[in-house]
Every structure is written in C-alpha cells, then in structure tokens.
Amino acid sequence: MSGRVALPVLVGVDGSPASAAAVDLAADEAANRATPLVIVHVHAGPLRSSTGACAPEWVDPMAAQRWLVDMTVAGVRAEHPGLAVSGELLSGDPARVLADRSSEACLLVLGHRRGCGLPLASVATSVPEWADVPVIVHRPLDRHLGPSRDPRPVLVGVSGQEGAGSVVEFAFVEASLRGAPLTALHAWSRPAGAIPAGVHPDAYGFVEARAEAERMLAEALAGWSEKFPDVPVRRTVRHTLDAALTLTEASRSAQLVVVGSPRQRGVPRLLFGSVYQALADHAGCPVAVVPVA
C-alpha cells in the first residue's frame with residue numbers, strides 16, 4: 001500500500017552565513033514535520049563565499065555551485081542522520097525561481113542579508129510576494145532578555161481580514177511543533193468592526209473600540225485551542241498608530257513571528273509591506289509570512 005508523499009521543506013542557499021543559518025532552521029522545520037528537506041541554489045551570477053566575498057574568476061562557477069550544494073547536503077545529513085536531504089542547482093532569477101519551485105513544497109526558508117553590493121535582501125523581500133506557501137525568513141534571536149527556563153512564544157499578528165485563519169493555523173502548528181506557547185497580538189488604531197448603528201462616531205470611545213478589538217481577536221482564535229490543546233495561548237490587544245513597530249518590539253521576546261500576506265488580483269500581496277519590511281529588517285526572531293487567499 002503506497003502512502004502519500006509528504007511535501008518537502010525548501011531552503012535557498014548562496015554560501016553566505018545568513019543562508020547557513022537558514023539551512024539550520026529549515027532542517028529543524030523538516031525534522032519537526034517529519035518531511036524531506038530540499039536545498040536549492042539558484043545560479044544568477046558569481047558564487048559568494050561564506051564571508052560574502054565573490055569567488056575568483058578562474059573558479060568554474062557551476063562546479064563551485066555544485067560543490068556548495070553537495071557540501072551543504074552533507075552537513076545537514078551529518079547533523080540530522082534520520083532526515084531525507086537532497087540538493088538542487090537551478091538557474092534564473094533567484095526570487096522567481098524559488099517562488100515557483102516552492103509550489104511543490106510545504107514551506108520555504110530563506111536567509112536575510114546584505115552582500116556583494118546587492119540591494120537589501122532582495123530575494124527575501126520579493127519571494128513572499130509571489131510564493132503560494134508560507135515563507136520563513138531567518139533572523140537571529142534577540143538576546144537582550146538573557147537566558148530563560150521557559151520557551152519563547154510564537155507570536156502571531158492577527159488582523160481582521162477575511163481568510164486570516166490560515167495565518168492563525170500556521171502559528172498554532174508552529175507553536176505545537178516547537179513545544180512553545182502562542183501569543184496572539186492584534187494591533188489596532190481604529191475600531192476593528194463597524195461602529196454600531198445609531199451611535200455617532202464622536203461618541204464611540206476608546207473603551208468600546210478596545211472591546212470590539214478584543215471580540216475580533218477572540219473570534220479569530222475561536223476553535224483553534226480545541227484543535228491544539230497542547231498550545232497555551234495568550235491574547236494581547238494593543239492600541240497603536242504603528243503596527244510594524246508594535247510587532248517588531250513584541251518579536252524581541254519571541255522565537256518566531258507570523259504575519260499574513262494578503263492576496264489581491266493584479267496587486268502585490270505585500271500591501272502590508274511596511275510591517276513585513278520592518279520585521280524582516282529589525283525583528284528579534286525569524287519571520288514567517290503566510291499567504292492569505
């Protein structure tokens with residue numbers, strides 16, 4: 001009897017320290033999910049070393065890139081003997097190729113860096129716009145809190161958008177796989193829903209608006225604790241004019257922050273770009289971007 005083949009976790013590598021950290025994160029994700037890991041390098045120019053320096057012109061680019069993939073695969077196999085690991089060497093625009101290749105994966109993991117004069121993390125910035133699966137962009141954990149016996153929570157930014165259940169579900173799955181609690185945060189600057197009929201806007205005060213935001217958050221989380229009884233949940237509502245800053249600050253005590261990427265026909269999904277960009281540049285932990293249909 002043949003069983004269903006699990007979709008793999010995909011990770012992009014380029015020889016940089018940032019991509020090496022992404023590989024470690026992707027290997028943990030694949031091991032937790034009991035699914036294969038596929039390591040991909042997309043050829044788009046000179047290979048860069050782990051120091052960020054470009055390889056000499058006399059080095060055969062394809063041979064060097066194959067060596068990078070093979071050595072990365074060998075390293076993961078040594079660290080995770082029970083994990084099915086393979087490598088691929090592709091060519092083209094890295095962001096487009098990785099986004100297209102991710103359609104055959106359950107998760108895509110990337111590093112976030114500057115290097116060789118390239119613009120800020122162009123791949124990590126662009127891929128979540130096009131990928132149809134969740135994308136985790138690695139960032140190092142903020143260590144300002146010092147050691148703690150309790151695991152850091154998974155943090156999820158909960159909006160009132162339709163279809164955001166996929167974001168909440170992904171956050172619960174990650175928290176369960178990591179044995180971590182979940183912090184669900186809704187940052188609001190205006191009432192989460194419509195002002196009740198017959199109530200003048202000037203009479204709709206802060207207390208009522210906060211209560212509406214708390215109701216929306218409770219509805220967004222309804223039912224998920226029953227599906228994931230092993231995940232303790234903390235609900236947090238914050239009034240703020242800068243959701244990006246609020247989530248970034250909260251991420252400093254988390255081990256993963258999860259946000260949604262809205263999908264609109266003919267419009268880039270990252271309409272929340274300022275939020276994602278702030279997290280990608282400044283979050284105190286890796287950032288997961290989940291497509292919202």
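In what order do the ten strands of the open sheet come? Here are some notes to help you find your way around; bear in mind that this is a predicted model.

1. **The sheet.** The order is 3-2-1-4-5-10-9-6-7-8, and the pairing is mixed. As general background, strands in a sheet pair through backbone hydrogen bonds, in either a parallel or an antiparallel way. Look at the two ends of the order: strand 3 (85-91) and strand 8 (233-239) are the edge strands, and each has a single partner, so one side of each lacks a neighbour in the sheet. Neighbouring strands are turned against each other by 25° on average, with direction ignored.

2. **One pairing up close.** Strand 6 (residues 154-157) and strand 9 (residues 256-262) run parallel and are joined by three bridges. If you want a residue pair to click on, try Leu 155, whose bridge partner in strand 9 is Val 257.

3. **Helices on the sheet.** The protein has nine helices to go with its ten strands, and two of the helices are worth tracing here. Helix 8 (residues 243-251) lies across strand 6, strand 7 (182-188), strand 8 and strand 9, and runs at about 160° to strand 7. Helix 3 (residues 94-101) packs on the sheet too, where it touches strand 1 (9-12), strand 2 (37-43), strand 3 and strand 4 (107-110). The direction of helix 3 makes about 150° with that of strand 2.

4. **The cores.** Which residues have the most contacts inside the largest nonpolar core? They are Leu 37, Val 109 and Val 258, in a core of 46 residues. Leaving aside residues up to four places away in sequence, Val 109 touches Val 9, Leu 10, Val 11, Gly 12, Ala 22, Leu 25, Ala 26 and Ile 136. There is also a second, separate core of 34 residues, with Leu 247, Val 259, Val 275 and Ala 278 among them.

5. **The overall numbers.** Of the 293 residues in the protein, 45% are buried. Among contacts with a separation of 6 or more, 78% are between residues 24 or more positions apart. The accessible surface comes to about 14800 Å², and carbon and sulfur atoms account for 55% of that.

6. **A salt bridge in helix 5.** The whole structure has twelve salt bridges. One of them joins Arg 178 to Glu 174, with the closest N and O atoms 2.8 Å apart. Both residues lie in helix 5 (residues 165-178), four residues apart, or about one turn of the helix. Is each partner buried or partly exposed? Glu 174 is buried, because its relative accessible area is 0%, whereas Arg 178 counts as partly exposed at 22%. The pair also belongs to a network of salt bridges that links Glu 29, Arg 33, Glu 174 and Arg 178.

7. **Two more in helix 6.** Arg 210 and Glu 214 are both in helix 6 (residues 206-221), four residues apart, and form a salt bridge whose closest N and O atoms are 3.3 Å apart. Arg 210 is partly exposed, with a relative accessible area of 30%, and Glu 214 is partly exposed at 38%. Further along, Arg 215 and Glu 219 meet in a salt bridge of 2.5 Å, N to O. These two are four residues apart in helix 6, so about one helical turn separates them. Arg 215 counts as partly exposed, at 37% relative accessibility.

Key
Residues are numbered from 1 along each chain as its sequence is written. This is a predicted model: local features need pLDDT of at least 70, side-chain atom pairs count only at pLDDT 80 or more; totals for chains, interfaces and linings use all residues. Side-chain values use heavy atoms; hydrogens and water are left out. A nonpolar core is a set of buried Ala, Val, Leu, Ile, Met, Phe, Trp, Tyr and Cys residues joined through side-chain atoms within 4.5 Å. Buried means under 20% relative accessible area, exposed over 50%, partly exposed in between (1.4 Å probe, protein chains only). Contact means heavy atoms within 4.5 Å. Accessible areas come from the Shrake-Rupley method with a 1.4 Å probe; for residues, only the protein chains shown count as cover. Two strands pair if DSSP finds at least two bridges between them. Axes are lines fitted to C-alpha atoms, for helices over the stretch in contact, and angles run from 0 to 180 degrees between N-to-C directions. A salt bridge is a side-chain nitrogen of Lys or Arg within 4 Å of a carboxyl oxygen of Asp or Glu.
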